[in-house]
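The following exercises are to be worked with the sequence and the three-dimensional structure at hand. Each task is followed by a solution in steps.

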Amino acid sequence: MRAKLAEYVLGDMTLVYEIDSHGSKVGLIIIPSHLRHSVCEQKRYRVDSLVQLKLVGDDYPDGFSQGVTMRNSGSTMQLEYDHQYFEEDGNTKTIVTVLQNRRGHKIEHRVVWTEGEPAAAVQTVFKNRGPETAVLEMLSSFSLGGITPFAQDEAPNSLLVHQLRSKWSCEGRLQTTAVEDLLLEPSWSRWGAYSHRFGQVGTMPVRGYFPFVAVEDTRHHVSWGVQLAYAGSWQMEVYRRDDALCLSGGLADREFGHWLKEVRPGEELAAPMAIVSVCEGGIEQISQRLTAYHEKWLADKPQVEEDLPIIFNEWCTSWGQPTSASVFLACRRLKDTGIKYFVIDSGWFAEEGKQWYASMGDWRVSAKQFPLGMEEAVATIREFGMIPGIWFEFENCGSQSDIFSNTDMLLKRDGRPLTVGTRRFLDLRKPEVIGYLTEKVIDFLKKYGFGYLKIDYNDTVGIGCDGAESLGEGLRQQVLASQEFIRKIQREIPDLVIENCASGGHRLEPSMLAITSMSSFSDAHECLEIPIIAANLHRAILPRQSQIWAVLRKTDSARRLYYSIVNTFLGRMCLSGDIHDLNDQQWRIVTEGMEFYQKISPIIKKGFSYRFGPAVSSYRYPEGWQVVFRVAADRDQALAVVHSFAGDNQEPIRIPVPENLELDVEAVYAENQAAPDIKGGEIHFPLGGGFQAMAVLFRIRGGR
């Protein structure tokens, strides 16, 4: 038996807190507010605790759970409801539910929501108010139960789990699985427990999966979604023991992430924040409600970012060998094109006799490549009207650097420096390391007047490091210390634009997005699959923060150049490649693409995206086609980004007009410049043949 403890309306979401018949266990269900009347009050399920934790010494969960899940352990079962309170500060509402056990531990479950936002922040804080040290081996950030509350039974054949798979140069692939295929049907007796537990171990938080999950009730057209804001080892679980599905997640636990944490008397530990939402609709609707929450983090970013300026990065031009001469030639080519940022990428520090890719860490300007110093290169960039940018990978060091041998400054595992290939990791928990990086990075940026910083990160700490009560806790401390140093950079240089890059897209999660202006979308710099990956990321990050590369080659046909440039319309335009060697016709295609980008940047900045087209199986050898149709937030314009891949694509690509909008073609960027036809509720895009692209700007009739 269960009863309603409290209910709160947060915009178009309603939070229902339930309490079990003993008055101890509290659960949380969220529903679209306008569907509150559709909830099946007689649905049979146990109240699932809104906090999941496990303390060393307490019983492990039953139901054949060990090795599968640590949810519903003895520690969770001992929690008792203490009280709940509601606070309102201006437009922000906070709901705090306080639980306790008999050992003096208090747990605060916090939900924070601001008027107008389509999602809420959820966080759990463990407070030790007892006389003895508590040792945690699991602590959730969030836990939702009662899914789906709109079916009285277990909702067979109607629940889907959406995940975003990821690996290097193949980020954000949508994987949709029926709960039955995940073995998440309850057993005949409702005894055995099962969890689909997934996540990532290490400091590349989107390696394997993005920290995201959504569950869709296809019968009632409702979806629940969560993103975790954490750049270390994390886990999420889709759990079932009875008629209701449960979602939870947070720090990777002892079983999954080698994590133990001692919380001494008087201390507390906050789990990472989770972003939670619910809505009518499917994967596009729920995922973009979560990413819309990210908008709040951009308010304090440099003003220069407001127009989403174009970036030039010389990485695919010099391939790690930038020189003062190459900077000058590139600047001369880019003069008066509208490009705002000019980024000098890796290799500027290469020393005589050392390989640039194994010598980062000492951060001395190469006298050979910049004989008059970095001052000359920076002055050149500014003289040509651009903001100078520079590449750093300051959390790591290469095997040919001096600091590589300074083991007191480095992370260790089992007492030995943690070495991965040619890299080791600086221990940012140490004040002397922060002092070193302050001199080498912050003072360097100030000295030369850089206005743009690209932060790269090209390997992972893995299960963790020494220096704490567990390897996983060492890793957590290192992640927080790294992020605090990035905040220190921003505090000391407030106008600095910071790019988040980790082998392309390995750090595309909310806590890194929150402290940087934009992120590299992938390392698929010159690949045919760029538009597929870029479209994927509309479900995970804001397009205005997704930096997409167009690498231009002198051997590129007009068709290939259009394909590459159109890719960048799915996010932030970044150019690289053989810009010196393009002929007049090729350069005209590029400059017209930059002009088109500037027209559509308000739609990229804020809007809603729809994806059309068949599912693409092989990214490396893509077949079929894809259309991303994005409606501007103020609903006066729309953008269609269209790509054809391999296969029989002789017929025009057709999509239904989204939202039954009334559209007029305003501008076209394409090889043949032919405008699409709009008839019979469809848009017909005139692409015939493989690996072509076009972009169309529409005016919405009746729009504001």
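**Exercise 1. A strand and its partners**

Which residue in S22 is the bridge partner of Asn313? Describe also the pairing and the burial of strand S21.

Solution. The model is a predicted one.
- Step 1. Strand S21 covers residues 310-313 and is joined to strand S22 (residues 339-344) by four bridges, the two strands running parallel.
- Step 2. Within S22, Val343 is the bridge partner of Asn313.
- Step 3. S21 also pairs with strand S33 (residues 572-577), again in the parallel sense, over two bridges. Here Ile311 has Cys574 of S33 as its bridge partner.
- Step 4. In a regular strand, side chains alternate between the two faces of the sheet. In S21, Ile310 and Phe312 lie on one side, Ile311 and Asn313 on the other, and all four are buried. Both faces of S21 are thus covered.

**Exercise 2. An open sheet and the helices across it**

Determine the strand order of the five-stranded open sheet and identify which strands stand at its edges.

Solution.
- Step 1. The order is S34-S35-S36-S41-S38, with antiparallel pairing.
- Step 2. Strand S34 (607-612) and strand S38 (663-670) each have a single partner strand, so one side of each lacks a neighbour in the sheet; these are the edges.
- Step 3. From one strand to the next, the twist averages 20°.
- Step 4. Strand S36 (residues 637-644) and strand S41 (residues 692-700) run antiparallel and are joined by eight bridges. Among the paired residues, Ser644 has Gln692 of S41 as its bridge partner.
- Step 5. Helix H3 (residues 283-292) lies across S34 and strand S35 (625-632), at about 145° to S34. Helix H11 (residues 558-567) lies across S36, S38 and S41, at about 50° to S41.

**Exercise 3. Two helices in contact**

How do the axes of H6 and H7 cross, and which residues make the contact?

Solution.
- Step 1. Two packed helices are described by the angle and the distance between their axes.
- Step 2. The axes of helix H6 (residues 374-383) and helix H7 (residues 431-448) come within 10 Å and cross at roughly 55°. H6 and H7 are therefore oblique to each other.
- Step 3. H6 contributes Met374, Glu375 and Val378 to the contact, and H7 contributes Phe444, Lys447 and Tyr448.
- Step 4. These residues divide into four nonpolar, no polar and two charged.

**Exercise 4. The nonpolar cores**

Which residues have the most contacts inside the largest nonpolar core?

Solution.
- Step 1. This core has 192 residues, and those with the most contacts inside it are Trp348, Met374 and Phe569.
- Step 2. Helix H12 (residues 584-605) gives the most to the core, with nine residues.
- Step 3. A second, separate core of 22 residues includes Phe612, Phe685, Met694 and Val696.
- Step 4. Beyond four places in sequence, the residues touched by Trp348 include Trp363, Phe370, Met374, Trp391 and Phe444.

**Exercise 5. Two loop residues**

Is His525 buried or exposed, and how does Arg429 count?

Solution.
- Step 1. His525 is placed in the loop between strand S31 (518-520) and helix H10 (530-536). With a relative accessible area of 13%, under the 20% cut-off, His525 is buried.
- Step 2. Outside four places in sequence, His525 touches Trp315, Cys316, Ile530, Trp549 and Val551.
- Step 3. Arg429 lies in the loop between strand S28 (423-425) and H7. Its relative accessibility of 24% makes Arg429 partly exposed.
- Step 4. Arg429 is 19 residues from Leu410 in sequence and 9.9 Å from it in space, C-alpha to C-alpha.

Technical notes: Residues are numbered from 1 along each chain as its sequence is written. This is a predicted model: local features need pLDDT of at least 70, side-chain atom pairs count only at pLDDT 80 or more; totals for chains, interfaces and linings use all residues. Side-chain values use heavy atoms; hydrogens and water are left out. Axes are lines fitted to C-alpha atoms, for helices over the stretch in contact, and angles run from 0 to 180 degrees between N-to-C directions. Angles under 35 degrees count as roughly parallel, over 145 as roughly antiparallel, 65 to 115 as roughly perpendicular and the rest as oblique. Contact means heavy atoms within 4.5 Å. Ala, Val, Leu, Ile, Met, Phe, Trp, Tyr, Cys and Pro count as nonpolar, Asp, Glu, Lys and Arg as charged, and the others, Gly among them, as polar. A nonpolar core is a set of buried Ala, Val, Leu, Ile, Met, Phe, Trp, Tyr and Cys residues joined through side-chain atoms within 4.5 Å. Buried means under 20% relative accessible area, exposed over 50%, partly exposed in between (1.4 Å probe, protein chains only). Two strands pair if DSSP finds at least two bridges between them.
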